[in-house]
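Got the viewer open? Set it to show the backbone along with the side chains, and let's take a walk through this one.

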Amino acid sequence: MGKIDDTLTDLGSDVMNASLEGYALLRIVGEGSGLETLRNSMGARFARRKRQTKGRGL
C-alpha cells in the first residue's frame, strides 16, 4: 500500500500546483474578459485564512 499512498500524494500535489498556476493566470488575464465570476469563486477557495495568535497575558 505504500506505493499507492505515495502515488496519491504526488498526484494531489500535482493537482494543487496546477490549480495554483491556473488561478494565478486567471488573476492576471481574467480581468475584463468575462471571467470575474469564475475568478471570485476560485478566490474563495484560495483565500488565505488569518492565523489565530495566542494572546499573552499581561
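Start by selecting I4, L8, L11 and V15: together they make a nonpolar surface patch of about 390 Å². Keep in mind as you look around that this is a predicted model.

Now narrow the selection to I4, which has its place in helix α1. Is I4 buried, partly exposed or exposed? Its relative accessible area is 48%, so I4 counts as partly exposed, because that class runs between the 20% and 50% cut-offs.

Next, pick D5, D6, D10 and D14, and colour them by charge if you like. These residues form a negative surface patch. One of them, D14, is found in helix α1, which covers residues 2-29.

Move along the chain to E31. You'll find E31 in the loop between α1 and α2, with α2 covering residues 36-46. Show what is around the E31 side chain: which residues does E31 touch, leaving out those up to four places away in sequence? The answer is L26, E36 and R39. Even with those contacts, E31 is exposed, because its relative accessible area is 57% and the cut-off is over 50%.

Finally, zoom out to see the whole chain. Cartoon view should give you two helices and zero strands. Switch on the surface, and you're looking at about 5,700 Å² of accessible area, 54% of which belongs to carbon and sulfur atoms. How much of the chain is buried? Of its 58 residues, 10% are.

Note on methods
Residues numbered from 1 in each chain as written. Predicted model: local features only at pLDDT ≥ 70, side-chain atom pairs only at ≥ 80, totals over all residues. Heavy atoms only, no water. Patch = residues over 30% accessible without salt bridge, like charges linked within 9 Å, V, L, I, M, F, W, Y side chains within 5 Å. Areas by Shrake-Rupley, 256 points an atom, 1.4 Å probe, with all protein chains shown as cover. Salt bridge = Lys/Arg side-chain N within 4 Å of Asp/Glu carboxyl O. Lys, Arg positive; Asp, Glu negative; His and termini not counted. Charge placed at Lys NZ, Arg CZ, Asp CG, Glu CD. Helix = DSSP H or I, 4+ residues; strand = E, 2+ residues; numbered from the N terminus. Buried < 20%, exposed > 50% of the residue type's maximum accessible area, 1.4 Å probe, protein only. Contact = heavy atoms within 4.5 Å.
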